[in-house]
Amino acid sequence: MTRMMKRSIWQTLLLWSLPLAFLLVFFYQPLVAIFRLVFSTQFSQGWKLFRWSQITKPLGFTLYQATLSTILTLILGLPAAYLFACFQFAGRKFLRVLITIPFILPTVVVAAAFNTLLGTRGWLNLGLMSLFNLSSPPINMLNSLSAILLAHVFYNTSIVIQMVGSSLSRLNQNLPSAAQNLGASPWRAFKEVTLPLLMPSILSATLMVFLFDFSSFGVVLMLGGPQFSTLEVEIYNQAMNRFNLPVAGLLSIVQLAFTLLVSVLINRSNQPRYGNAAIASESSGLRIAKGSWEKAFVIIMVTVLLLLMVTPTVSLVTRSFFSFEAARGERGELNTGFTLRYYHELFENREQSLFYVPPVLAIRNSMIYAGITMLLATTLGLISVYAIQKSGSLSPFLEPLFMLPLGASAVTLGLGFLIVFGSSVLTQGRFQALIPVAHSLVALPLVIRTLLPALRGIPVNLRLAATSMGASPSRAFREVDLPILFRAIAVSLLFAFTISLGEFGASSFLSNTAMPTIPIAIFRYLSQPGALNYGQALAMSSLLMVVCVAGSVIIERIRLPGEEVF
Amino acid sequence: MLSVRDIYKTYEGAPLLNGLSFDLAQGEIICLLGTSGSGKSTLLRIIAGLEEAESGAVYWDGVDLAQTPAHKRGFGLMFQDYALFPHRNVYDNIAFGLRMQKRPEAEIEKIVGERLKSIRMENFAKRPVTELSGGEQQRVALARALASDPRLLMLDEPLGALDQGLREELTQELRQTLRDSHKPVIYVTHDYQEAFGLADRLLILHDGVIVQGGSPQELFENPANAWVAGFLGLGNLISSNDLPNDRILSGQPEPNDETVWLLRPFDARTGDSRADTPFNFEGDVLDCIYMGERYRTKLRTPQGIILSIETPSLCVTGEQIKVYWQVEDVLCLKS
């Protein structure tokens with residue numbers, strides 16, 4: 001007996017060693033390196049290397065924009081949650097699906113989408129120009145705080161709709177009815193009963209949205225322009241443009257501290273408060289809007305949601321098929337109208353620009369990175385969940401080790417990689433080879449969250465039965481675990497693949513000028529002049545969006561009901 | 001007092017309440033009986049103003065309540081799941097209605113104290129309602145409904161969520177509380193025994209209308225049709241085709257396909273068949289259960305009819321016995 005226990009301890013240790021080694025080398029080492037760099041430099045220099053304003057200014061702006069974004073997201077999201085939880089209207093399901101799309105989009109796609117709507121070459125300006133015969137774009141909404149806020153609302157409203165909407169539709173409707181029966185007006189019943197019971201989920205959603213807004217990188221970098229620096233953008237600027245790694249590191253630490261604080265609060269707010277007492281056995285039915293107030297509410301909400309949540313992506317896709325200006329190098333030929341040219345150009349080797357990289361190369365790179373990420377993250381994830389499963393009572397302490405990468409931003413990860421591996425001879429010139437590693441770290445927590453419930457759902461008896469019928473442990477894994485885990489593994493693979501495909505933060509540190517990923521290429525094309533560059537950026541963004549949407553549709557299809565990663 | 005007139009309501013396209021009407025007098029306790037899904041809860045919600053009927057009206061002292069919103073009706077409704085507010089403790093749940101009436105806090109404290117005392121839960125004031133047992137929740141829900149002194153009290157299967165032993169205990173307590181309140185009460189249940197024990201008058205809801213109303217005794221002696229007799233478990237329902245002897249009976253309506261005979265178990269007589277009654281049966285004993293003083297015996301006739309009868313002595317399973325009902329004990333019903 002003791003021998004067997006010893007053996008199982010060794011097995012558990014062996015299982016732990018691989019993912020733990022990976023995390024130690026590629027996550028904790030870079031993290032420690034950031035701390036060491038910051039503290040050794042600052043101490044030796046007597047904290048004179050930076051001005052406090054270099055920290056407080058981006059921190060202040062980050063908090064400011066995150067607060068504003070969160071408030072705006074709630075202003076749209078809460079009524080929208082009410083709309084979807086209570087009312088039946090034509091196209092409800094379709095709109096519900098459309099509205100979840102923004103959340104899964106890579107940041108570059110969002111930036112490109114807003115560019116096609118509000119940018120100088122966007123639909124709004126093109127429309128106004130042709131309407132009033134103007135020679136230059138009348139409005140410039142890009143590079144402004146409002147663009148950042150709009151994009152954040154676009155991104156995160158679906159979190160509020162999802163989290164608050166689900167608890168609203170599961171709320172026992174007898175509770176507000178009982179309040180009315182006891183003499184509370186509908187408004188009073190809402191205030192005294194519905195709202196307090198929804199508060200935990202509203203709080204969770206608020207913190208979640210705040211966290212996403214707080215650590216937003218790509219959106220702020222691409223839509224905010226140079227004058228708006230959040231912590232994340234400032235880390236990038238300090239590291240990549242000013243080569244001031246200690247300040248970048250210090251910003252990273254501040255960022256990490258805030259992220260962890262908010263995460264702890266989210267965890268707290270997620271604790272169920274009233275058990276099942278407030279939950280209806282069946283979700284309450286939807287009703288058709290009655291009376292002018294309700295009808296007006298539904299119409300206004302649907303219109304606003306379509307405008308804010310759907311037009312950007314529609315605008316991106318349509319704009320990628322239309323040409324409105326003479327392309328460079330084809331002077332005189334003004335072809336306005338429908339075109340497939342931008343898509344054709346993705347696969348052509350046209351070398352005119354200094355920084356020119358054929359788009360097809362970026363697509364190839366991204367596919368390779370995503371493929372490696374997919375396999376690496378899922379393999380590590382599988383080993384990790386078995387390790388967590390085996391460690392029994394220790395797992396509550398060990399699980400957070402794997403989940404912590406979720407708290408560190410991709411930009412921090414990129415910075416850490418730069419400090420640890422950037423100057424190493426080993427990686428000289430092959431720095432971008434670390435991209436799949438960084439992507440795997442980003443994907444790993446989600447992969448574990450997908451696999452763990454599936455593994456915990458496998459009855460132990462089943463495995464014992466297989467073993468008692470003479471199956472070796474590996475045979476038992478193949479015959480019992482694998483078929484049951486199959487869906488979860490497929491979901492993990494897809495998750496890792498789409499995450500890698502759209503990842504921007506870490507890639508912006510790691511990718512080589514000559515070897516960009518799709519998001520990096522889009523970022524570069526967008527910031528360059530010329531209709532062709534713009535069109536190619538849009539074409540690539542549209543393709544990336546289609547892949548991500550397709551991926552999440554498949555994930556939704558094969559995922560077992562009741563499993564949610566967020 | 002309360003008049004409900006021609007209430008019509010559909011559920012998923014099919015009529016649920018189909019022109020339903022009834023009246024309720026001051027201080028009267030009526031039981032609304034019906035199978036689950038018959039629209040009893042919906043009817044209570046319509047009376048309470050929480051749901052709208054598609055047509056029909058609810059009157060109180062002759063005044064149409066169509067324009068009176070739920071919170072101004074002053075009708076207490078106790079929900080089937082009790083609907084206690086999980087974010088409030090016992091005291092605050094009971095005080096909720098009084099606070100909505102903006103009563104002074106001292107008065108609220110007095111009333112809630114009395115209510116807690118009447119349900120023998122004085123020490124539970126600060127307890128979260130989520131920690132109460134089913135029976136305690138039921139008491140708190142009743143106390144909450146009564147605290148704001150409603151002019152009408154409606155209870156939706158108040159004992160439905162409790163187990164059998166507790167139900168019997170609480171039925172007595174509930175009967176006392178309802179009698180003491182002197183309020184008109186609509187009590188909804190699907191359990192006729194519970195209803196018989198509580199109500200002055202019973203209303204039977206079937207196919208969206210009140211098929212019969214009356215005192216327990218009236219219903220018992222004269223069920224309006226075969227469905228009511230079956231629902232109340234009054235006895236064996238035998239269609240005229242199943243009778244071994246189809247002689248026309250004097251004084252009874254002409255039997256046709258729609259006629260059903262009600263043969264009550266305790267009117268059954270064992271022994272040789274008699275010529276003056278067509279209700280003669282012979283069958284094998286399937287089962288015999290001691291019910292206290294008498295036995296409940298199940299018979300199967302050669303035609304496959306199952307009869308339930310009461311016998312003074314134990315019958316042996318498999319034994320063949322003869323049984324008959326006298327004509328004057330048999331009731332002819334429409335199916």
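Two strands pair if DSSP finds at least two bridges between them. With that in hand, one sheet of chain B can be read in this predicted model. Its four strands form an open sheet in the order β2-β1-β4-β5 (chain B), and the pairing is antiparallel. The edge strands are β2 (14-24) and β5 (63-64) of chain B, each of which pairs on one side only. Helix α1 (residues 40-48) of chain B packs on this sheet and touches β1 (2-11), β2 and β4 of chain B. The direction of α1 makes about 125° with that of β1(B).

At the β5 edge, strand β4 (residues 55-60) of chain B pairs with β5(B) in the antiparallel sense over two bridges. One residue pair can be named here: Trp60(B) has Val63(B) in β5(B) as its bridge partner. As a general point, strands of a sheet pair through backbone hydrogen bonds, either parallel or antiparallel.

A further sheet of chain B is open and has three strands, in the order β11-β12-β18 (chain B), again with antiparallel pairing. Strands β11 (236-239) and β18 (331-334) of chain B stand at the edges; each has a single partner strand, so one side of each is left without a neighbour in the sheet. The twist averages 35° from one strand to the next. Four bridges join β11(B) to strand β12 (residues 259-263) of chain B, and the two run antiparallel. Among the residues involved, Asn236(B) has Leu263(B) in β12(B) as its bridge partner.

The side chains of β11(B) can be followed one by one. In a regular strand the side chains alternate between the two faces of the sheet. Along β11(B), Asn236(B) and Ile238(B) point to one face and are buried. Leu237(B) and Ser239(B) point to the other face and are not buried. Asn236(B) is thus both a buried residue and a bridge partner of Leu263(B).

Taken as a whole, chain B has eight helices and 18 strands. Its C-alpha trace spans about 75 × 45 × 35 Å along its principal axes. Of its 335 residues, 38% count as buried. Among contacts in chain B with a separation of 6 or more, 66% are between residues 24 or more positions apart.

Chain A has 22 helices and four strands. It contains 566 residues, of which 43% count as buried. Of the contacts in chain A between residues at least 6 apart in sequence, 81% join residues at least 24 apart.

Helix packing in chain A can be examined at α3 and α6. Two packed helices are described by the angle between their axes and the distance between the axes. The axes of helix α3 (residues 92-104) and helix α6 (residues 145-170) of chain A come within 7 Å and cross at roughly 120°. That angle makes α3(A) oblique to α6(A). The crossing in which α3(A) passes α6(A) is left-handed. From α3(A), the residues that meet α6(A) are Ile99(A), Thr100(A), Pro102(A) and Phe103(A). Their counterparts in α6(A) are Phe154(A), Tyr155(A), Ser158(A), Ile159(A) and Ile161(A).

Leu95(A) leads on to another helix of chain A. The C-alpha atoms of Leu95(A) and Val302(A) are separated by 8.3 Å, although the two residues are 207 residues apart along the chain. Val302(A) lies in helix α12 (residues 291-319) of chain A. Leaving aside neighbours within four places in sequence, Val302(A) is in contact with Phe89(A) and Leu95(A). Val302(A) counts as partly exposed because it has 18 C-beta neighbours inside 10 Å, whereas a buried residue needs 20 or more.

Helix α11 (residues 245-269) of chain A has 25 residues. From its first C-alpha to its last it reaches 36 Å, close to the 36 Å expected at 1.5 Å a residue. Buried residues in α11(A) include Leu245(A), Val247(A), Ala248(A), Gly249(A), Leu250(A), Leu251(A) and Ser252(A). Gln255(A) and Leu256(A) are buried as well.

Last comes the place where the chains meet. The contact takes 18 residues from chain B and 19 residues from chain A. On the side of chain B that touches chain A, β6 (75-78) and α2 (90-100) of chain B each supply at least two residues. Helix α2(B) gives the most to that side, with three residues.

How values were computed: Residues numbered from 1 in each chain as written. Chains lettered and ligands numbered in written order. Predicted model: local features only at pLDDT ≥ 70, side-chain atom pairs only at ≥ 80, totals over all residues. Expected span 1.5 Å × (residues − 1). Buried ≥ 20, exposed ≤ 12 C-beta atoms within 10 Å, placed from the backbone. Contact = placed C-beta atoms within 7 Å. Axes fitted to C-alpha atoms, helices over the stretch in contact; angles between N-to-C directions. Parallel < 35°, antiparallel > 145°, perpendicular 65-115°, else oblique. Left-handed = near helix turned anticlockwise from the far one by under 90°.
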